[in-house]
Amino acid sequence: LAYTSMSETQLDRVRDVFTRYLKERGQRKTPERYAILSEVYAEAGHFDVETLYSGMKAKNYHVSRATLYNTLDLLVECGLVRRHQFATNQAHYEKSYFNRQHDHLLMVDNGEVIEFCDPRIQQIKASIAELFGVEVTGHQLYIYAKSKNIQ
């Protein structure tokens, strides 16, 4: 797993969000769930369950894949993690609490995922909100592409 620095204050804020979510739904607040949350928020980019599982196992955490899947589902539900279904059958995840909104360019020929942010997308969301009289609460945009043959 690739790590990024996150202040203890930020990690405390994320833990508080998760704690409130678990409490509101009568879910148990287990050490394993908080360990998974910490590992997810130490991750620099997109990851899959196997990568997370291997990284935690290497650090001598004792969590099952089932616990990982169940905890990731909870983290997605409470808005701390985003789930992506890129060009593969395997779900990928990324932390979302402090991340700016971004979209994804998926290179189908080599599997590369490129994140980008285009301010025009915010304008489109505002237009949709006005046109349909709705509040846009989020979006996910995937653009699939392949490299051009350069000659």
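The following exercises, with worked solutions, concern the fold, core, helix packing and two loop residues of a predicted model.

Residues are numbered from 1 along each chain as its sequence is written, and side-chain values use heavy atoms, with hydrogens and water left out. Because the model is predicted, local features need pLDDT of at least 70 and side-chain atom pairs count only at pLDDT 80 or more, whereas totals for chains, interfaces and linings use all residues.

**Exercise 1. The fold**

Task: State how many helices and strands the chain has, and in which pattern they follow one another.

Solution. Step one is to count the elements: the chain has five helices and five strands. Helices (H or I, at least four residues) and strands (E, at least two) are DSSP runs, numbered from the N terminus. Step two is to read along the sequence, which gives α-α-α-α-β-β-β-β-α-β. Step three adds the dimensions: the C-alpha atoms fill a box of roughly 50 × 45 × 30 Å along the principal axes.

**Exercise 2. The core**

Task: Identify the residues that touch the most other members of the largest nonpolar core, and the elements that give two or more residues to this core.

Solution. A nonpolar core is a set of buried Ala, Val, Leu, Ile, Met, Phe, Trp, Tyr and Cys residues joined through side-chain atoms within 4.5 Å. Buried means under 20% relative accessible area, exposed over 50%, and partly exposed in between (1.4 Å probe, protein chains only). The largest core has 27 residues, of which Phe18, Val40, Leu75 and Leu80 touch the most other members. Two or more residues come from each of α1 (8-24), α2 (31-42), α3 (49-58) and α4 (65-77). As a last step, take Leu80: with residues up to four places away in sequence not counted, its contacts (heavy atoms within 4.5 Å) include Val14, Val17, Phe18, Leu37, Tyr41 and Leu75.

**Exercise 3. Packing of α2 and α3 on α4**

Task: Describe how α2 and α3 each pack against α4.

Solution. Two packed helices are described by the angle between their axes and the distance between the axes. Axes are lines fitted to C-alpha atoms, for helices over the stretch in contact, and angles run from 0 to 180 degrees between N-to-C directions.

1. The axes of α2 and α4 come within 10 Å and cross at roughly 70°, which means that α2 is roughly perpendicular to α4. The contact joins Glu32, Arg33, Ile36, Leu37 and Val40 of α2 to Thr67, Leu68, Thr71, Leu72, Leu74 and Leu75 of α4.
2. α3 and α4 pack at about 120°, with their axes 10 Å apart, so α3 is oblique to α4. Here Val49, Glu50, Leu52, Tyr53 and Met56 in α3 meet Arg65, Leu68, Tyr69 and Leu72 in α4.

For these labels, angles under 35 degrees count as roughly parallel, over 145 as roughly antiparallel, 65 to 115 as roughly perpendicular and the rest as oblique.

**Exercise 4. Two loop residues**

Task: Is asparagine 60 buried or exposed, and which residues does leucine 141 touch?

Solution. Asparagine 60 lies in the loop between α3 and α4. Its relative accessibility is 61%, so asparagine 60 counts as exposed. Although asparagine 60 is not a glycine, its phi is positive, at about 65°.

Leucine 141 belongs to the loop between α5 (120-132) and β5 (142-145) and is partly exposed, with a relative accessible area of 30%. Leaving out residues up to four places away in sequence, leucine 141 touches Asp103, His104, Phe116 and Ile121. Leucine 141 and histidine 104 are 37 residues apart in sequence and 6.3 Å apart in space, C-alpha to C-alpha.
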